[in-house]
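Got the model open in your viewer? Let's walk through it one selection at a time.

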Amino acid sequence: MPRQPLAIDTSPAVEALQIERWRQMTPAEKAEIITGLTRAVFEVAAAGVRHRYPEASPREQFLRLAIVTLGPDLALRAYPEIAQLDSA
């Protein structure tokens, strides 16, 4: 059975080149890419919290970001003061 493409907007030839490049990368190179992507996603999540709660204090924005990144249950266990937020 043929393998499913990784992305519908990438030609099979280009996809093959990308996969080969991934195979050639050192673990450190892969880790650097993943670290950059993780930071970018975190920054987007933080920007979303700032956009949704522009009047919130930095601490409240931090707590709301914890809810987004950790999930409500774990965030509440880590930061019990989350229970005091309106519609947390």
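**First stop: Arg59**

Select Arg59, which you'll find in helix H3. Keep in mind as you click around that this is a predicted model. Arg59 is partly exposed, at 39% relative accessible area. Show its surroundings and, leaving out residues up to four places away in sequence, you should see Arg59 touching Tyr79 and Glu81.

Now add the side chain of Glu81 to the selection. Arg59 and Glu81 form a salt bridge, with 2.8 Å from N to O. Which parts of the chain does this pair tie together? Arg59 belongs to helix H3 (residues 58-70) and Glu81 to the segment after helix H4 (72-78), so the bridge links parts that are 22 residues apart in sequence. Glu81 is partly exposed too, with a relative accessibility of 31%.

**Along helix H3**

Stay in helix H3 and select Glu60 and Arg64. These two sit four residues apart in that helix, about one turn. Their side chains make a salt bridge as well, again listed at 2.8 Å from N to O. Is Arg64 buried or exposed? Colour by accessibility and you'll find that Arg64 is buried, with a relative accessible area of just 6%. Its partner Glu60 is partly exposed, at 22%; the cut-off for buried is under 20%.

**The other salt bridge**

Next, select Arg21 and Glu29. Here the side chains meet in a salt bridge at 3.7 Å, N to O. Arg21 is partly exposed, at 38% relative accessibility, and Glu29 is also partly exposed, at 30%.

As a general point, oppositely charged side chains can pair when their charged atoms come close. How many salt bridges does a search of the whole structure find? The search turns up three, and with this pair you've visited each of them.

**Over to helix H1**

Move to Glu15, in helix H1 (residues 12-24). This is an acidic side chain worth a click for its surroundings: Glu15 counts as buried, at 7% relative accessibility. What is Glu15 in contact with, once neighbours within four places in sequence are set aside? Show Arg3, Pro5, Leu6, Ala7 and Thr10, and you have the list.

**Out to Asp86**

Now go to the segment after H4 and pick Asp86. Is Asp86 buried or exposed? Asp86 is exposed, with 62% relative accessible area; over 50% is what earns that label. Then draw a distance from the C-alpha of Asp86 to the C-alpha of Arg52. The two residues are 34 apart along the chain, and their C-alpha atoms are separated by 13 Å.

**Zoom out**

Clear the selection and switch to a cartoon view. How many helices and strands does the protein have? There are four helices and zero strands, so to speak an α-α-α-α run when you read from the N terminus. The radius of gyration is 19 Å, well over the 12 Å that the globule rule gives for 88 residues, so the protein is more spread out than a compact globule. Turn the C-alpha trace along its principal axes and you'll see a span of about 55 × 30 × 25 Å.

Try colouring by burial next. Of the 88 residues, 20% are buried. If you prefer a contact map, look at pairs with a separation of 6 or more: residues 24 or more positions apart supply 6% of those contacts in the protein.

**Last look: the surface**

Turn on the surface to finish. The accessible area is about 7100 Å², and carbon and sulfur atoms account for 62% of it. Then colour the charged side chains. The protein carries 10 positive and 11 negative side chains, and the centres of the two sets lie 5 Å apart.

Methods: Residues are numbered from 1 along each chain as its sequence is written. This is a predicted model: local features need pLDDT of at least 70, side-chain atom pairs count only at pLDDT 80 or more; totals for chains, interfaces and linings use all residues. Side-chain values use heavy atoms; hydrogens and water are left out. The radius of gyration is taken over C-alpha atoms; the globule rule is 2.2 Å times the number of residues to the power 0.38. Buried means under 20% relative accessible area, exposed over 50%, partly exposed in between (1.4 Å probe, protein chains only). Contact means heavy atoms within 4.5 Å. Accessible areas come from the Shrake-Rupley method with a 1.4 Å probe; for residues, only the protein chains shown count as cover. Lys and Arg count as positive and Asp and Glu as negative; His and the chain ends are not counted. The place of a charge is taken as NZ of Lys, CZ of Arg, CG of Asp or CD of Glu. A salt bridge is a side-chain nitrogen of Lys or Arg within 4 Å of a carboxyl oxygen of Asp or Glu.
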